[in-house]
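Here are my notes on the model you sent round. Have the structure open while you read them.

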Amino acid sequence: MRLSVAERREELLRAAIEQIQARGVAAVRIADVASALGVSNALVLYHFSTKEKLVAAAFTYAAEDDLAHLRKLLGRRTSALRRLRAAVRWYAPTGQAKGWRLWIEGWAAALREPALRDVTKSLDQQWKAAIAEVIAEGVAAGEFRCPDPATAALRLTALLDGLAVQLTSYPGAVPRARAQEWADEALARELGLPGQQ
């Protein structure tokens, strides 16, 4: 069966993500992606023209999937507090979010790759904006108080990103249960809640 252009592109992006997770951004080659699918290097280059464009597109693809899930969690018909807790538990490295290794690779490579830096920066801004928006909704509804939702979202995601690095790069450095406690405590602190609820 012949794939459409969109289907082929998606297949290439999924293979690129798998290869990046296995080999790292610096070591992955066009040939690795092509070989994983049993296609030619030329086919990969036809769709992406350079390794840098392939890598940036692969991160964008992964980010869109993660953002769609975040929006689903934050868009539920329940209190802002419940939505935030669900999002933090999913986003935290102790939750169900996949691919922390991929994102750590992406952050490192973004230091040298402007296209990838744009992708990771955009993702970071979208995550923070989504969290800040729900914090502001909760404040407006009188569920909790937070004088600066944008700064609270920045502090909260910075903690979660840092915990992800610890748990992914240094297994055993922080027990998963302790990391989840810290995430829950940070959310409570940012929302002015009296401890765990």
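The points below go from the overall fold to one helix and then to three helix pairs.

1. First, a reminder that this is a predicted model. The chain is helical throughout its pattern, with nine helices and zero strands, so to speak α-α-α-α-α-α-α-α-α when read along the sequence. Its C-alpha trace spans about 60 × 35 × 30 Å along the principal axes.

2. On burial and contacts: 43% of the 197 residues count as buried. If you take the contacts with a separation of 6 or more, 63% of them join residues 24 or more positions apart.

3. Helix H1 covers residues 5–23, which is 19 residues. From first C-alpha to last it reaches 26 Å, close to the 27 Å expected at 1.5 Å a residue. Just past the end of H1, Gly24 has a positive phi of about 95 degrees.

4. Which residues of H1 are buried? They are Leu12, Leu13, Ala15, Ala16, Ile17, Gln19 and Ile20. Their packing partners are four helices: H2 (30–37), H3 (41–48), H4 (51–74) and H6 (100–110).

5. Gln19 deserves its own look. This H1 residue has a relative accessible area of 11%, and since the cut-off for buried is under 20%, Gln19 counts as buried. Leaving out residues up to four places away in sequence, Gln19 touches Gly24, Val28, Asp32, Val33 and Ala36. Gly24 is the residue with the positive phi just after H1.

6. Next, H6 against H7. The two axes come within 8 Å and cross at roughly 125 degrees, so H6 and H7 are oblique to each other. The crossing is left-handed. On the H6 side you'll find Trp103, Gly106, Trp107, Ala109 and Ala110, and these meet Leu116, Arg117, Thr120 and Leu123 of H7. By class, the residues of this contact come out as six nonpolar, two polar and one charged.

7. How do H5 and H7 lie relative to each other? Helix H5 (residues 80–91) packs on H7 at about 155 degrees, with the axes 9 Å apart. Angles over 145 count as roughly antiparallel, and H5 and H7 are therefore roughly antiparallel to each other. H5 passes H7 in a left-handed crossing. H5 contributes Ala80, Arg83, Leu84, Ala87, Trp90 and Tyr91, while H7 contributes Trp127, Ile131, Val134, Ile135, Glu137 and Gly138. That contact divides into nine nonpolar residues, one polar and two charged.

8. Last pair: helix H7 (residues 114–140) with helix H8 (residues 149–169). They pack at an angle of about 125 degrees, their axes 8 Å apart, and that angle makes H7 oblique to H8. Here the crossing is right-handed. From H7 the contact uses Asp124, Lys128, Ile131, Ala132, Ile135 and Ala136; from H8 it uses Pro149, Ala150, Ala152, Ala153, Leu154, Leu156, Thr157 and Asp161. The tally for the contact of H7 with H8 is ten nonpolar, one polar and three charged.

9. One thing to check on screen is where H7 residues serve two contacts. Ile131 and Ile135 are listed in the contact with H5, and Ile131 and Ile135 are also listed in the contact with H8.

Methods: Residues are numbered from 1 along each chain as its sequence is written. This is a predicted model: local features need pLDDT of at least 70, side-chain atom pairs count only at pLDDT 80 or more; totals for chains, interfaces and linings use all residues. Side-chain values use heavy atoms; hydrogens and water are left out. The expected span of a helix is 1.5 Å times one less than its number of residues. Buried means under 20% relative accessible area, exposed over 50%, partly exposed in between (1.4 Å probe, protein chains only). Contact means heavy atoms within 4.5 Å. Axes are lines fitted to C-alpha atoms, for helices over the stretch in contact, and angles run from 0 to 180 degrees between N-to-C directions. Angles under 35 degrees count as roughly parallel, over 145 as roughly antiparallel, 65 to 115 as roughly perpendicular and the rest as oblique. A crossing is left-handed if the near helix is turned anticlockwise from the far one by less than a right angle, and right-handed if clockwise. Ala, Val, Leu, Ile, Met, Phe, Trp, Tyr, Cys and Pro count as nonpolar, Asp, Glu, Lys and Arg as charged, and the others, Gly among them, as polar.
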